[in-house]
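Biologist: Thanks for sitting down with me. Could you bring up the sequence and the model, please?

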Amino acid sequence: MYEPSRHLVTCHIAGFQHHEGALALKDMKPGKKLSLVPEPDNPFDAEAVALYYKGRKVGYVPSSENSLPFRLMYFAHDAVEARILQVDPEAAPWQQVRFGLYLKDKRAARESARDFRRAR
């Protein structure tokens, strides 16, 4: 059975207060996507995964949670997505945005392509 994605982990954005999180906060809404960018050359963490919102670097996947998404992105490329789950401007800066990481389900895309080829 098709599922649009499979939940991997929920956490807060690490380093939100040290990057452009404050500048992006007012536009961030639950359900919006975050871009994931692996940083294998990061001097602090070779498995670092940066998070971007509308072109602004807002922080990182916490190092305690980044190994699996980093490897999936590095080897499987477009297999993981991140979505904002909760925004709380009144919380401490490192707890203002919670997000979820999801493993994408590609079966629907494959089935659509197969149906398209059959229809021709």
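Modeller: Here is the first term we need: a residue is buried under 20% relative accessible area, exposed over 50% and partly exposed in between, with a 1.4 Å probe and protein chains only. This is a predicted model, where local features need pLDDT of at least 70, side-chain atom pairs count only at pLDDT 80 or more, and totals for chains, interfaces and linings use all residues. Residues are numbered from 1 along each chain as its sequence is written, and side-chain values use heavy atoms, with hydrogens and water left out.

Biologist: Of the 120 residues, what percentage count as buried?

Modeller: The cut-off of under 20% relative accessible area decides that. Applied to the 120 residues of the protein, it gives a buried share of 35%.

Biologist: Which pattern does the protein follow along the sequence?

Modeller: Helices (H or I, at least four residues) and strands (E, at least two) are DSSP runs, numbered from the N terminus. The protein has three helices and six strands. Read along the sequence, they follow β-α-β-β-β-α-β-β-α.

Biologist: In which order do the six strands form the open sheet?

Modeller: Strands of a sheet pair through backbone hydrogen bonds, either parallel or antiparallel. Two strands pair here if DSSP finds at least two bridges between them. The edge strands are β1 (5-12) and β4 (56-60), each pairing on one side only. With antiparallel pairing, the order is β1-β6-β5-β2-β3-β4.

Biologist: Over how many bridges do β2 and β5 pair?

Modeller: For comparison, β1 and β6 pair over seven bridges, and β5 and β6 also over seven. In the pairing of β2 (residues 33-39) with β5 (residues 80-87), L34 has A82 as its bridge partner. The number of bridges between β2 and β5 is two.

Biologist: What angle does the direction of α2 make with that of β2?

Modeller: Axes are lines fitted to C-alpha atoms, for helices over the stretch in contact, and angles run from 0 to 180 degrees between N-to-C directions. Contact means heavy atoms within 4.5 Å. Helix α2 packs on the sheet and touches β1, β2, β3 (48-53), β5 and β6 (97-104). Its direction and that of β2 make an angle of about 80°.

Biologist: Which residues form the aromatic cluster?

Modeller: Rings of Phe, Tyr and Trp (its six-membered ring) pair if their centres lie within 6.5 Å; planes under 30 degrees apart count as stacked, over 60 as edge-to-face and the rest as tilted. F70 and Y74 are stacked, at 5.6 Å centre to centre and 15° between the planes. Y74 and F75 have centres 5.0 Å apart and planes at 85°, so they are edge-to-face. The cluster is therefore made up of F70, Y74 and F75.

Biologist: Is F75 buried or exposed?

Modeller: Its cluster partner F70 is buried, with a relative accessible area of 8%. Y74 counts as partly exposed at 46%. At 64%, F75 is exposed.

Biologist: Which residue lies over the face of Y102?

Modeller: A charge sits over a ring if NZ of Lys or CZ of Arg is within 6 Å of the ring centre and within 35 degrees of the ring normal. The residue in question stands opposite G100 in β6. At 3.8 Å from the ring centre of Y102, it is R83.
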